[in-house]
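Colleague: Could you take a close look at the cysteine question in this model for me? Start there, then carry on through the strands, helices and backbone oddities in one go.

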Amino acid sequence: MRSLQSDVEQRGTRIFELVDKHPERLFSKAGFYQRLMALSMHDERFKTQLFRFVAVLPSLRRSSEIIQHLEEYFSDGNDGFQPLVSLGVRVARLVPWMSAAALRWNVSETARQFIAGRNPHDVIATLRTRRGQKIGFTVDVLGEAVVSEAEADEYAARYADLLDKLARETKDWTDPLGKSAELFPVLNLSVKISALYSQMSPAAPADAIAHLCSKLRPLLRRARELGAFINFDMESYALKNTTLELFKTTLTEAEFKDWPHAGIVIQAYLRDSEHDLRDLIEWGRARGTRFAVRLVKGAYWDYETTKSGQNGSNPPVFLQKPESDANFEELTRVLFENEAIVTAAFGSHNVRSIAHAQAVADELRVDRSRFEFQLLYGMAGPIKRALVEMGYRVREYCPIGELLPGMAYLVRRLLENTSNEGFLRAKFAENVPAKELLRDPKELIKPAVAGIGDSCGHSGSNQKNGASLNATDSDSFRNAPLVSFIYKDSQDKMQSALCEARKRFGEKHPLYIGGEKIWTDNLTPSVNPAEPTEIVGYGTEAGVDEAERAVKAARAAFEKWRWAPFEERAQLLERVADILERRRYELSAVEVFEVGKAWSEADGDIREAIDFCTFYAQQMRRLGRPKLTQQVPGEESYHHYLPRGVAFVIAPWNFPIAILCGMASAGVVTGNAVIMKPSEQSIVCGAMLMQVFEEAGVPPGVLNFLSGHGSVVGAHLVDHKDVDLIAFTGSREVGLKIWESAGITRPGQRELNRVICEMGGKNAMIVDADADLDETIMYSIYSAFGFQGQKCSALSRLILLEENYDRVMERLIPAAASLRIGNPEQPGIMVGPVIDEPAYRRILEYIEIGKKEATLAYQAKEVPPHGYFIPPTIFTDVKPNMRIAREEVFGPVLSVLKVRDLDEALEVANGTDYALTGGFFSRSPDNIERIKARLEAGNVYINRSCTGAIVGRHPFGGFKMSGSGTKAGGEDYLLQFLVPRVVTENTSRHGFAPEQSPEYRDEFLWPKPRQ
C-alpha cells in the first residue's frame, strides 16, 4: 500500500508536469509590472516604498502630485536602484502630465491583473472567457470596512444588483463537470460582513448580528430564488466569531434552514480554526442540511501579527508558514471525513496542499466531483489549467470594483506574490525543485518554535483576559495586554462584573488616614451619569480637620518610608499591579457605572493603571542605585536621588483609576508619602484603588485617601506649608490657581513647592490632500466622540485642506450619524453620557455659542431620554478666532476648519493656548516629516487616533497652557518626585587610590538594611 506522502508526491509531480507544459512567469504581465515586482523581491525597503506608492496613487489627482510622491518615496533610497529612480524622476519632471499618466496607467494595469472588472458589465466578459476554459467563478465586491450606515446600505444594494445582473447573464450556463452539479450552483457570490455594518464591535456580537441579518435576509432570499450560492467571507480575527455566529444564526432560521447553497470560510493560519470547523460541522449535523466550507490559509497574517505585537497579546495566527500548511492538511482531512454534511472548497495556490487534498479524497473515497479548488483571479493560471485537465472542478475568486476601494486587496495580492515564503514565488520566480515544494510541511516546522501557542486554547478562556502576559526579564517592561472582547469568555466576565457591581450600589466608602478607616457625618453621593437616579456609592466627605490629620500622618510615615530600599518600594507597586489585574473586570464595571465609560475604554483605563505600576517599578530600579558621574583616579562622585516629602495628588474623573494610580504610585515608589484625592464624581473608583494599595501592603500613612470637595480639602492642602509637592491633572482654570498658589512661600515651609500640572487641550488634526480617507474618518470619529470627547487628548479641531474638504465632509457626517449612542453598560456603545449635570449644561451652552458663531453641520437627533447625554455635534465654517475653536469644550463637539494649504493648516493648529496632542493624516513622506518638526503638541500622532497614549510607548503630557512639560508614563517622570544629590569622596590615601570605581553602588541607607 502506497504511503500518503508518496501519493501526494506523485500527484504533485503530475500537476507540475502539466504546469510546465504551459510555462508562465509569476507576474504574467510583462514590462513595467514584471520589472518592479522582480526588484521588490530582492529589496525589502524598495518593496515597502513601492507598495505604499501604489496604495496612494489612486487618491492623487494632479500630475504634479504624482511626480512629487514618486520622488518622495524613491529618491532617498540607499539601494542599487536609486540612480535609476532619480533619473526617472528627472525625466518625469520634464513632462509631468505624460509621466503621471503613464504611471497611473501602469498601476491600473497592475490592478487589472487581480481585479476582474470595475462593474458587473466588465466582469461578465471575464467570466465568459473563464467559462470557455471550464473554470467557474465566485464574485466579490471590493471594499472592506465601511465608516457609515449610508455606505453599508450602498454595499448591500451593490451586492443585490450584482446578484441580479449575474443571474440574467448566466441563466443558461451549466456546471463545467456536470456530475454533482446540484452541490455547485453556477452563480456564486462572496459577501464581506464588514461592508454591511459600520458599527461592529467584537464586544457586541448580538448587536452586529441583529443589524447584519436585516441586510442579509433579502440577499439570501433572492439568491435562493435565483438558484445562486452565497459565501460568507472571513476577514480579520476581530470579526471571526461574529461571522461564524451570523452564519449559524441566519441559516438556522426557518426560511433558510433547509437551504444548502451557503458557505463560510475557515482560515487555516488561525490557531483555533480546527475548533471552529468542528463546531460548524456539529452545528450542520444538528441543522440537518448540507453547507459548504472554503478552506484557505488566510490573507491577514501581517495585520494580525502587527496588532498582536502592539497589544502584547498572543497572535491568533501560527507564526511559521509550515504550521499553517500543516494545519490546512489536518483540516482537509476533517472536511473529507464529514463530507456527508459539508461540501469542501480548497482555496490555495500551493501544489503540495492541492495534491494532498486529492490524495486524502481518494483515500477516503470522496469522488472528485464532490469538492472543488478555488484560486484567485490573475494568479496561478497554469495551476488552474492543470487541475481542469485532471478533471477537477475549479472556481476563480473574482473581485470587482473601482481601483481606490480595491487598494487593500491589491496590496495583499502583491505581498502574497512577493513573500519570501510564498509558494508562487518559489515555483514561478525562483524555480525551487518540485521535490522540495512537495515536502511534508510538518518536517519544515522549526522545533524551537513548533507549537507556539498550542496551549492558548480556542476561546482565550485560559489566557489572562483572552490575551497573554508573557514573562519578561526583571529589568524590562512590557505593557499589559488589553482585554480581548472578541472572546465570549471575556464578554461573559464583563457582564458578570456589571451585575456584581450593581449589587454593591449604595455602598459607603471611608477615608484612609495613617492606615485607619475614618468616617465623618457627611457623605457625598456618586451617581450613574447614564441613570442619575442610581447612586453608585457614597464617599465620606473630608474636611479641614481630616486634611490636617492626613498631612501629619504622611509626614510621620515619610520619615521612615524615605529610607525603605527602592526594591521594597518597587515590589509594592508590582503587587498593586497584580491585584489590579486580578480585579480588572470588577474595576472596569465600576467605571462603566460611575463615569460612563464604554467597556473597552474602562478596560483601557485599568490597563493603564497596571502599566503605570509596573513601569514605575522598573524605572525606580533604574534610578535607585547611585551612579558614578565620572571615572577619576582618587575620587568617587555618585549621583543619586532623594524623595521630596509629602505629595498631594489631585486626579480627574475622566481616567478615574489610571491617572490617580499613576500619580500616586509615582509618589510612593520614589519614597514620598502621598495624600491622594479623587474627583468628587469618581469617589468610588478612588476608594477601590485605595483598597488595592491596602491589600498590597502599603505601610500606614504612606498613602492616605481623602475624598471631599476640592474647594475645601484641595484648597487647604494646596496652601499647606508641609506639602512639598502637588501633582495635579484637570482643568486649566484649577491648574493655574494651583500653580499660582504654590509659588507663595509660607511661614515654616521647608521646601520650595514642586508642581506637576497637566491640564487641557484644544487638539487639532490636519488632513492632507493625499490622506487615506478610510483611516481619516475612522480615527477622527473615534478621537472626537470616543468617551463623549471627555479626554484631554480628544480631537476638537479638524483642519481640512480646501482640496479635500468636500471629500472628507461627505463621509464624516454620515459616519457621525451612524454612531451608537446609549448606556455604556451595553456592549459596543461608542457615545455614552457626559459626567454630570454641570458638564451637561456647560457643553450645551457651547453648542449654542457654536450655532451663533458657525454652521451646525450635524447633530444627532436621537439620544436616550434619561441621563446626561449630549448629541454628537459637528460645526463647519469655523474660524480660528471663534470661541468654539479656542476654548476647551470637553464634550462630543467637533469644529471643522477649512484652510488653503499646509502652511495655513500649521498656523491654525499652532494658534491656540494649548499644546497637548495633535494629529496628521498624510501619505506624503515630506509633509509627514514637516509635521513631525513643526506641529506644536506634546504628543504628535501620524495616521492614527490622537488619543490612547500607552505607558512607556507614548509618554504623555503637553506644554503651553496644557501643562508644565512633564511626561506621565515616561522615563523622566519620576524625576519630578525626586531631589538630585551628589556624594563625593576623596579615595586617595597617601598617594594610593583604587584603580577603578564601580559604575553603580548600593543605596545610601543608614542603618544598613539586614541582608
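**Cysteines first, then outward**

Modeller: The sulfur of C613 has its closest cysteine sulfur in C661, at 3.5 Å, and that is too far for a bond. The cut-off here is that the two sulfurs must be within 2.5 Å, so the pair doesn't make it, and the count by this rule comes to zero disulfides. Keep in mind that this is a predicted model. As for surroundings, C613 counts as buried, at 0% relative accessibility. C499 is another story: with 45% relative accessibility it counts as partly exposed.

Now for the strands. Not far along in the numbering from C499 you hit β9 (507-509), which belongs to an open sheet of three strands, ordered β9-β13-β12, with mixed pairing. β9 and β12 (523-528) are the edge strands, each pairing on one side only. From one strand to the next the twist averages 35 degrees. Packed on this sheet is helix α22 (residues 584-595), which touches β12 and β13 and points at about 95 degrees to the direction of β12. Within the sheet, β9 runs parallel to β13 (residues 531-540), and three bridges hold that pairing. If you want a residue to click on, H509 is opposite G539 in β13.

A second open sheet of three strands has the order β14-β15-β30, and here the pairing is antiparallel. Its edges are β14 (627-628) and β30 (978-986), each of which pairs on one side only. β15 (residues 635-643) and β30 run antiparallel and are joined by nine bridges. Y638 faces V983 of β30 across that pairing. Follow the chain into the segment after β30 and you come to P1007. The peptide bond leading into P1007 from W1006 is cis, with omega near -5 degrees.

Strand β1 (residues 136-141) is a nice case of burial. Six of its six residues are buried, so the strand is largely enclosed by the rest of the structure. Both faces are covered: G136, T138 and D140 are buried on one side, and F137, V139 and V141 are buried on the other. As for partners, β1 pairs in the parallel sense with β8 (residues 393-400) over six bridges, and G136 stands opposite R395 there. β1 also runs parallel to β2 (residues 188-191), this time with two bridges. In that pairing V139 is opposite L189.

On to a helix: α11 (residues 273-287). It has 15 residues and spans 21 Å from first C-alpha to last, close to the 21 Å expected at 1.5 Å a residue. Which of its residues are buried? They are S273, D276, L277, L280, I281, W283, G284 and R287. These cover an arc of only 165 degrees around the axis, so they lie on the same side of α11. The spacing fits what you'd expect in general: an α-helix has 3.6 residues a turn, so residues three or four places apart point the same way. On the other side of α11, E282 and A286 are exposed. The buried residues pack against α10 (240-252), β4 (262-267), β5 (291-296) and α13 (321-337). Just past the end of α11 is G288, with a positive phi of about 85 degrees.

That brings us to positive phi in residues other than glycine. R365 has phi near 60 degrees and is not a glycine. R365 is in the loop between α14 (351-363) and β7 (371-376), and at 78% relative accessibility R365 counts as exposed. F890 also has a positive phi, about 60 degrees, again without being a glycine. F890 lies in the loop between α31 (883-886) and β25 (893-899). Is F890 buried or exposed? Buried, with a relative accessible area of 18%, where the limit for buried is under 20%.

Note on methods:
Residues numbered from 1 in each chain as written. Predicted model: local features only at pLDDT ≥ 70, side-chain atom pairs only at ≥ 80, totals over all residues. Heavy atoms only, no water. Pairing = 2+ DSSP bridges. Helix = DSSP H or I, 4+ residues; strand = E, 2+ residues; numbered from the N terminus. Axes fitted to C-alpha atoms, helices over the stretch in contact; angles between N-to-C directions. Contact = heavy atoms within 4.5 Å. Buried < 20%, exposed > 50% of the residue type's maximum accessible area, 1.4 Å probe, protein only. Expected span 1.5 Å × (residues − 1). Arc of directions from axis to C-beta.
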